[in-house]
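Here are some short exercises to work through with the model open beside you. Try each task before reading its solution.

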Amino acid sequence: MTLPHGFVVELDRHTRVVDDGAALLGGFPTRLLRLTPRARRLFGGRRLLVRDAAGALLADRLLDAGMAHPVAGLLPAPADPRYTVVVPVRDRPRQLDRLLRSIGTGHPVIAVDDASHRPAAVAAVAAEHGARLVALAANTGPAGARNAGLRLVTTPYVVFADSDIVLDPDTVPTLLRHFADPRVAAAVPRITGLPAADPTWITRYENARSSLDLGTHPAPVRPGTPVSWASSACVVARVDALGDGFDDSMRVGEDVDLCWRLIAAGRRVRYEPAVKAAHEHRARLGDWLLRKAVYGTGAHPLAERHPESVAPAVFAPWSTAFAVALLAGRRWSAPAAAAVLGVVTVRIARKLDGTEHPYRLAVRLTGNGALATLAQTSALLTRHWWPLTAVGCAFSGRMRRATAIAAVADIALEYRSDQASLDPLRYGVARRLDDLAYGAGVWLSALRGRSSAALRPRVTRRGTPVPVSGKRAVRAAQVPRH
């Protein structure tokens, strides 16, 4: 399967062009890709237009490495763009009506009533909009409801849209363009907050950092990268790539499981923030906390199915030593941490030998890795391991200081980057409640499963930690489902 002529990719914002175009540095894990003179001529600025087999091969390699992304607006539309919308719903007639209005006419819609308590209201809305209604006798959960609809789809593509979603007119057409890449099995938009007339402080926090919002930058969806999962709140997929669809036995994390199975099968999943779908966030504190905890309970089922992908943090050996040195809080901690960074910088510079400024590049990469390590360590202390952190704080002043620094620094950095329409105090409270609820769900799932697999970080020798902000580092380990 090769990329077609006319396919356009653009270098990721973190990919650096070095040595006057002789090489590219970036990707996940970070790598140096040296370009032949012929390969350099394929680029126009930071974009590459596929015109021949050589261009297709290079573009495909860049996509695999995470060094470039398709430019969706410039990709050709599929030859057969027909799609069917499948909507799982249970007792949400008002939301269903709003979604179906945003979908419009011209495409078949299958509304799967997952054993509503008041099925007549759901049936009336489906009939009003001309949607085909499938009524399930027993509640199966989102996975089973989507699968019931998927079995009736006869178009090449399917759009899964949850009932509390509102679609923009250009969302599906733009996502369909990603299927010009024959390896793409699914594409998802950015999930934003649905505007509310009188938003609560919880709604405003969710609008700034919803678990479903994966950020403003395009990305491949792959475990261990800044965007490691894709929610099925809204997703466009090839029907022939889905097989039997979602795992019916999973009530939480079934969308993450499907995504990771597709990737393991050699398929691609794309995150495209140029288009959006609006989600009705929870507004009441109790409902919101419960949902965050439910997110966390998906950790153990995913750890059973994908043990290499669900670790709450991923460290290189050097970053483990760096984090341990800092957490020790001794007089030797800072010099030891600095020594680790120095050694790593030299080792990276040697790998970059032959470039014009190997040590300058190595310092940048080491610094990014150190920031990612601090972000992941902070997330472990305040989110995934908070019960252990609480016990440690009861007996150790050093642990109390480390935790306080991690909690305050996290709030300060994230508040600025999130641009929240919420005062810092309530934002900080919501941030910590978010972590406590999610972490409680993770621990509950681990205790139920009698396994610590979902709580254990993974140490790998492949590259350095993902050089992203704390927000992305935390989201890479979340198991969301709204």
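**Exercise 1.** Find how exposed D91 is, and look at its backbone.

Solution. Start with the surface: D91 has 22% relative accessibility and therefore counts as partly exposed (buried is under 20% relative accessible area, exposed over 50%, partly exposed in between, with a 1.4 Å probe and protein chains only). Next, place D91 in the loop between strand 8 (83–89) and helix 3 (93–103); helices (H or I, at least four residues) and strands (E, at least two) are DSSP runs, numbered from the N terminus. Finally, the phi of D91 is positive, near 55 degrees, though D91 is not a glycine.

A word on the source: this is a predicted model, where local features need pLDDT of at least 70 and side-chain atom pairs count only at pLDDT 80 or more, while totals for chains, interfaces and linings use all residues. Residues are numbered from 1 along each chain as its sequence is written, and side-chain values use heavy atoms, leaving out hydrogens and water.

**Exercise 2.** Is R450 buried or exposed?

Solution. First locate R450 in the loop between helix 17 (424–449) and strand 18 (458–459). Its phi is positive, about 55 degrees. R450 counts as exposed because its relative accessibility is 80%.

**Exercise 3.** Which peptide bond at P29 is cis?

Solution. Go to the loop between strand 3 (23–26) and strand 4 (31–34), where P29 sits. The cis bond joins F28 and P29, with omega about -5 degrees.
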